[in-house]
Amino acid sequence: MSEINLNTTNTWCPGCGNFGIEVAAKKVIEKIGREKTAITAGIGCHAKIIDYINVNSFYGLHGRPVALAAGIKLANPDLNVIAFSGDGDSLNEGISHLIHAAKRNSDITVVLHQNRNFALTIKQYTASSPKGFVSNSSPGGTIEDPLNALDMVHSAGATFIARSFSGDLPHMENILEEAIKHKGFSFVEILQPCPTWYDTSSDYRENSYKMSSIPEDSLAKIKEWNYQNGGKIPVGIFKKEEKGVFERDIIVGEEMVSVEDIVNSKI
Ligand SMILES: Cc1ncc(C[n+]2csc(CCOP(=O)(O)OP(=O)(O)O)c2C)c(N)n1
Ligand code: SF4
């Protein structure tokens with residue numbers, strides 16, 4: 001492989017937060033090694049990131065990037081596998097895959113491009129849209145409370161949970177690198193303004209603040225922001241825990257075996 005950039009026309013809108021995520025992801029993938037990395041994506045604006053990064057990749061169905069990433073990791077545990085997903089993609093369409101990957105402590109990284117709307121299909125509300133959000137599927141404003149994705153993966157057992165902001169490149173790079181190097185399921189929510197349908201830029205710039213360390217009570221910190229506008233938003237690592245990883249230790253009968261043994265039919 002030569003360049004990490006693919007010679008493809010970029011179709012994101014000017015000012016889209018996805019540009020920052022792309023830059024940070026490329027830097028980290030170069031650092032960890034492209035030949036040791038595979039990426040997946042669902043369907044949506046976020047998923048076009050696959051078109052712009054020159055690395056082994058799998059463009060899946062809407063809501064399925066986490067399932068694909070888990071499968072790739074199971075077949076080849078030596079790879080760093082990163083799933084790029086949207087809030088509509090993994091908090092609506094494919095929410096069960098996210099929960100089960102976290103529960104299994106599958107050794108993959110999920111990067112959630114959190115723009116809080118179905119953007120590619122021109123603005124419908126998602127599970128993480130704020131209450132009252134006016135969209136093409138909620139013309140009178142949503143009547144539902146938003147889902148806190150970090151709280152959900154925490155309940156499911158995720159061993160690494162973090163949040164960053166697409167307007168802060170160095171922060172995103174650090175968090176992504178830590179997440180990918182973590183042994184076990186890592187979930188990174190990136191607050192991503194969508195200037196065309198939901199421009200949250202000034203809210204995130206004014207209200208996000210960096211945590212100085214991993215909080216003792218990760219759940220309380222996760223719940224500090226309720227996804228309504230104007231509240232203070234902690235960014236950084238909320239939780240980091242060492243635990244047995246699904247792809248390395250699988251119980252067959254009463255025996256604990258490694259995936260390599262299964263693949264090589266040593267059992
Ligand atoms: C199963 C299925 N349902 C619906 C669609 C239509 N669809 C394509 S992209 C999209 C919106 C994607 O939203 P999100 O995952 O939040 O990503 P964003 O575009 O906001 O980055 C939808 C609903 C589809 N392709 N497949
Ligand atoms: S619609 Fe929103 S998320 Fe999609 S490219 Fe444009 S600004 Fe980005």
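# Helix packing and enclosed space

Helices α1 and α7 lie oblique to each other. They are described here from a predicted model.

**Packing of α1 and α7**

Helix α1 covers residues 18-32 and helix α7 covers residues 169-181. Their axes are 9 Å apart and form an angle of about 45°. Angles from 0 to 180 degrees count as oblique when they are neither under 35, nor over 145, nor from 65 to 115, and the pair is therefore classed as oblique. The crossing of α1 past α7 is right-handed. On the α1 side, the contact is made by G20, I21, V23, A24, A25, K27, V28, K31 and I32. On the α7 side, L169, M172, E173, L176, E177 and I180 take part. Sorted by class, this contact contains 10 nonpolar, 1 polar and 4 charged residues.

**Packing of α5 and α6**

What angle do the axes of α5 and α6 make where they cross? The axes of α5 (residues 95-104) and α6 (residues 149-156) cross at roughly 45° and come within 7 Å. This pair is therefore oblique as well. Helix α5 contributes I95, L98, I99, A102 and K103 to the contact, and α6 contributes M152, V153 and A156. The classes here are 7 nonpolar, no polar and 1 charged residues.

**Pocket and cavity**

The table sets out the volume and the lining classes of the two spaces.

| Space | Volume | Nonpolar | Polar | Charged |
|---|---|---|---|---|
| Largest pocket | about 260 Å³ | 8 residues | 4 residues | 8 residues |
| Largest cavity | about 30 Å³ | 8 residues | no residues | no residues |

The largest pocket is lined by 20 residues, and the closest of these to its centre are K73, P77, N80, D107 and K183. Strand β3 (80-86) and helix α7 each supply at least two residues of the pocket lining. Strand β3 gives the most, with 3 residues.

The model has 1 cavity of 30 Å³ or more. Which residues line the largest cavity? They are A25, V28, I29, I82, F84, V111, L176 and I180. Helices α1 and α7 and strand β3 each provide at least two residues of the cavity lining. The largest share, 3 residues, comes from α1.

**Elements and residues in several roles**

Some elements and residues recur across these descriptions. Helix α7 packs against α1, lends at least two residues to the lining of the largest pocket and also lends at least two to that of the largest cavity. Strand β3 likewise supplies at least two residues to the pocket lining and at least two to the cavity lining. A25, V28, L176 and I180 belong to the contact of α1 with α7, and these residues are also among those lining the largest cavity.

Notes
Residues are numbered from 1 along each chain as its sequence is written. Chains are lettered from A and ligands numbered from 1 in the order in which they are written. This is a predicted model: local features need pLDDT of at least 70, side-chain atom pairs count only at pLDDT 80 or more; totals for chains, interfaces and linings use all residues. Side-chain values use heavy atoms; hydrogens and water are left out. Helices (H or I, at least four residues) and strands (E, at least two) are DSSP runs, numbered from the N terminus. A crossing is left-handed if the near helix is turned anticlockwise from the far one by less than a right angle, and right-handed if clockwise. Contact means heavy atoms within 4.5 Å. Ala, Val, Leu, Ile, Met, Phe, Trp, Tyr, Cys and Pro count as nonpolar, Asp, Glu, Lys and Arg as charged, and the others, Gly among them, as polar. On a 1 Å grid over the protein atoms alone, a cavity is a set of points where a 1.4 Å probe fits but cannot get out, and a pocket is an open set with protein on both sides within 12 Å along at least five of seven lines; lining residues have an atom within 4 Å of a point. Grid points are joined across faces, edges and corners, and a volume is the space filled by probe spheres set on the points.
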